Amino acid sequence: MGNPFKLMIWSYLMLLFAAVVAVFAPAYDSSFTMWTLAVFLIMLLMPIVLVFRFSANKVKAYKLTITYQWYASLLLITFPLLKVLKEEIFYQLLLVGLFISMYFLARFDQRTEVPIVFPDKDRDIKKIKTWIAYMYYVIPVLITFLGVGGDYVKTRILFETFGDKVMMPYFLTLIYILSCWLLFMFSSLAYKSHVVEGYLEK
């Protein structure tokens with residue numbers, strides 16, 4: 001791993017990109033812009049708080065900041081779908097709750113005998129939760145297929161055929177699902193790393 005401080009600074013570009021997506025996709029919304037700014041400001045203050053918390057080990061503070069930057073970026077990428085459902089507060093809360101639950105499900109999964117994400121080499125591979133693991137790892141493939149592989153021409157044809165009212169929620173739902181998938185993956189990797197390096201208690 002490179003210099004943690006430099007990696008943390010570069011990670012803010014990723015967070016900034018996610019913030020721009022959250023603000024302008026699919027349309028500008030002042031309330032969501034305020035939430036986006038709040039998340040971004042919290043992440044700007046995060047390394048300062050963590051450096052004070054881990055004053056004896058600033059590298060730990062920088063690494064944790066990078067982890068939270070990933071989480072925050074994925075959260076911001078879910079905002080476009082929440083905008084589409086602006087009048088449906090129940091569904092908004094449900095989607096936010098589902099997204100946050102991925103973090104805790106990943107930690108729970110890593111405590112099982114054979115976790116879905118990268119089980120330890122010393123564990124019997126035959127014990128892996130096969131059907132659950134297959135379901136998990138096939139999701140990005142399925143999203144790619146349903147999202148026409150990101151082909152701009154095909155995407156435009158779909159929008160012209162079915163209209164924005166149908167296709168916008170469709171594609172934003174795929175992006176939301178991918179965000180949840182990535183959160184589960186990154187949370188699993190972070191938990192494994194933190195436990196091994198002694199950042200978190202088992």
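Okay, let's start from the outside: the protein chain has an accessible surface of about 12700 Å², and 72% of that belongs to carbon and sulfur atoms. Accessible areas here come from the Shrake-Rupley method with a 1.4 Å probe, and for residues only the protein chains shown count as cover.

Before I go on, a word on what we're looking at. This is a predicted model, where local features need pLDDT of at least 70 and side-chain atom pairs count only at pLDDT 80 or more, while totals for chains, interfaces and linings use all residues. Residues are numbered from 1 along each chain as its sequence is written, and side-chain values use heavy atoms, with hydrogens and water left out.

So what is the chain built from? It has eight helices and zero strands, so to speak α-α-α-α-α-α-α-α when you read the elements from the N terminus on. Helices and strands are DSSP runs numbered from the N terminus, H or I with at least four residues for a helix, and E with at least two for a strand.

Now, inside versus outside. Of the 202 residues in the protein chain, 38% count as buried. Buried means under 20% relative accessible area, exposed means over 50%, and partly exposed is in between, with a 1.4 Å probe and protein chains only. About contacts, meaning heavy atoms within 4.5 Å: among those in the protein chain between residues at least 6 apart in sequence, 68% join residues at least 24 apart.

Let's walk along helix H1, residues 4-24, where you'll find Trp10. Is Trp10 buried or exposed? Trp10 counts as exposed, because its relative accessibility is 60%. Trp10 also belongs to a nonpolar surface patch of about 690 Å², together with Leu13, Leu16, Val20, Phe24 and Tyr28. Patches use residues with over 30% relative accessible area and no salt bridge; like charges are joined within 9 Å, and nonpolar side chains (Val, Leu, Ile, Met, Phe, Trp, Tyr) within 5 Å.

Ser11 is in helix H1 as well, but Ser11 counts as buried, at 12% relative accessibility. Ser11 touches Ile66 and Gln69, leaving out residues up to four places away in sequence. And have a look at Thr65: its C-alpha atom is separated from that of Ser11 by 9.2 Å, with the two positions 54 residues apart along the chain.

Moving on to the loop between H1 and H2, we meet Pro26. A cis peptide bond joins Ala25 and Pro26, with omega at about -10°.

Next up, salt bridges. How many salt bridges does a search of the whole structure find? The search finds one, and it's where the side chains of Asp29 and Lys86 meet, at 2.7 Å from N to O. Asp29 lies in the loop between H1 and helix H2 (30-53), and Lys86 in the loop between helix H4 (79-84) and helix H5 (89-110), so the pair ties together parts that are 57 residues apart in sequence. For the record, a salt bridge is a side-chain nitrogen of Lys or Arg within 4 Å of a carboxyl oxygen of Asp or Glu.

The two partners sit in their own surroundings. Asp29 is buried, with a relative accessible area of 11%, while Lys86 counts as partly exposed at 41%. Lys86 touches Asp29, Ser31 and Gln92, again not counting residues up to four places away in sequence. Lys86 and Phe32 are 9.8 Å apart in space, C-alpha to C-alpha, and 54 residues apart in sequence.

A quick backbone oddity: Val148 has a positive phi of about 50° although it is not a glycine. Val148 lies in the loop between helix H6 (130-146) and H7, and counts as partly exposed at 24% relative accessibility.

Last stop, the largest pocket, with about 510 Å³ of space in it. The elements that give two or more residues to its lining are H1, helix H3 (58-77), H4, helix H7 (152-162) and H8. The lining takes in 25 residues, of which Ile77, Phe171, Leu172, Leu174 and Ile175 lie nearest the centre of the pocket. Which element gives the largest share of the lining? That's H8, with nine residues. On a 1 Å grid over the protein atoms alone, a pocket is an open set of points where a 1.4 Å probe fits, with protein on both sides within 12 Å along at least five of seven lines, and lining residues have an atom within 4 Å of a point. Grid points are joined across faces, edges and corners, and the volume is the space filled by probe spheres set on the points.

And while we're on H8, residues 164-197, that helix holds Ser187. Ser187 counts as buried, at 1% relative accessibility, and it touches Tyr71, Tyr103 and Ala106, not counting residues up to four places away in sequence.
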